[in-house]
Amino acid sequence: MTEIISKLMEANLLGVFNERDAQRRASAIESTYAADVRWTDDEGVSVGREALEAKAKALQSQMQGLVFTKASPVYQTKGFGYLAWNLGPEGGNPVGTGFDVAIVRDDLISELYTVINT
């Protein structure tokens, strides 16, 4: 389970939210999240892969020229994963920071919580 959680947390951040190609992002979403995934962030709760896809697409349209990078290793315990991240221009100083916490069931993220620090 340890390796699976690490892969899923990194796929969530780097394979979904940094992916600009719609087909590759859709493939990453399908292999990373449960069909009824629940994502909670400062805007509320989104349920399902389609809702998550819509949020990822909307977020990307707001962050032109910015990318997510890992700010910590993946920490995990008993089906929970934690990953801190930075948001900024590639190779530049971050303009935002935060972290994601995920609950993993049946080798997919079933719940995702995003906290934005700045």
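A polar contact is a pair of N or O atoms within 3.5 Å; within protein, one must be able to donate a hydrogen and the other to accept it, and residues adjacent in sequence count only if both atoms are side-chain atoms. This report concerns a predicted model, in which local features need pLDDT of at least 70 and side-chain atom pairs count only at pLDDT 80 or more, while totals for chains, interfaces and linings use all residues. Residues are numbered from 1 along each chain as its sequence is written, and side-chain values use heavy atoms, with hydrogens and water left out.

**Gln-60 and Glu-43**

Helix α3 spans residues 49-62 and contains Gln-60; helices (H or I, at least four residues) and strands (E, at least two) are DSSP runs, numbered from the N terminus. Gln-60 counts as buried because its relative accessibility is 6%, buried meaning under 20% relative accessible area, exposed over 50% and partly exposed in between (1.4 Å probe, protein chains only). Leaving aside residues up to four places away in sequence, Gln-60 touches Val-16, Phe-17, Asn-18, Glu-19, Arg-20 and Arg-25, where contact means heavy atoms within 4.5 Å. Glu-43, in the loop between β1 and β2, counts as exposed because its relative accessibility is 65%. The polar atom pairs of these two residues are tabulated below.

| Atoms on one side | Atoms on the other side | Distance |
|---|---|---|
| Gln-60, polar atom of the side chain | Val-16, backbone oxygen | 3.3 Å |
| Glu-43, side chain | Lys-55, side chain | 3.0 Å |

**Strand pairing around β1**

Two strands pair if DSSP finds at least two bridges between them. Strand β1 (residues 33-41) pairs with strand β7 (residues 108-116) in the parallel sense over four bridges, and Tyr-113 in β7 is the bridge partner of Thr-40. With strand β2 (residues 44-47), β1 pairs in the antiparallel sense, over four bridges. Here Asp-41 stands opposite Gly-44 in β2, and the two strands are joined by a hairpin through two residues.

**The largest pocket**

On a 1 Å grid over the protein atoms alone, a pocket is an open set of points where a 1.4 Å probe fits, with protein on both sides within 12 Å along at least five of seven lines; lining residues have an atom within 4 Å of a point. The largest pocket has a volume of about 430 Å³, a volume being the space filled by probe spheres set on the points. Of its 22 lining residues, Trp-39, Asp-41, Leu-59, Phe-68 and Ile-116 lie nearest the centre. Helix α3 supplies the largest share of the lining, four residues.
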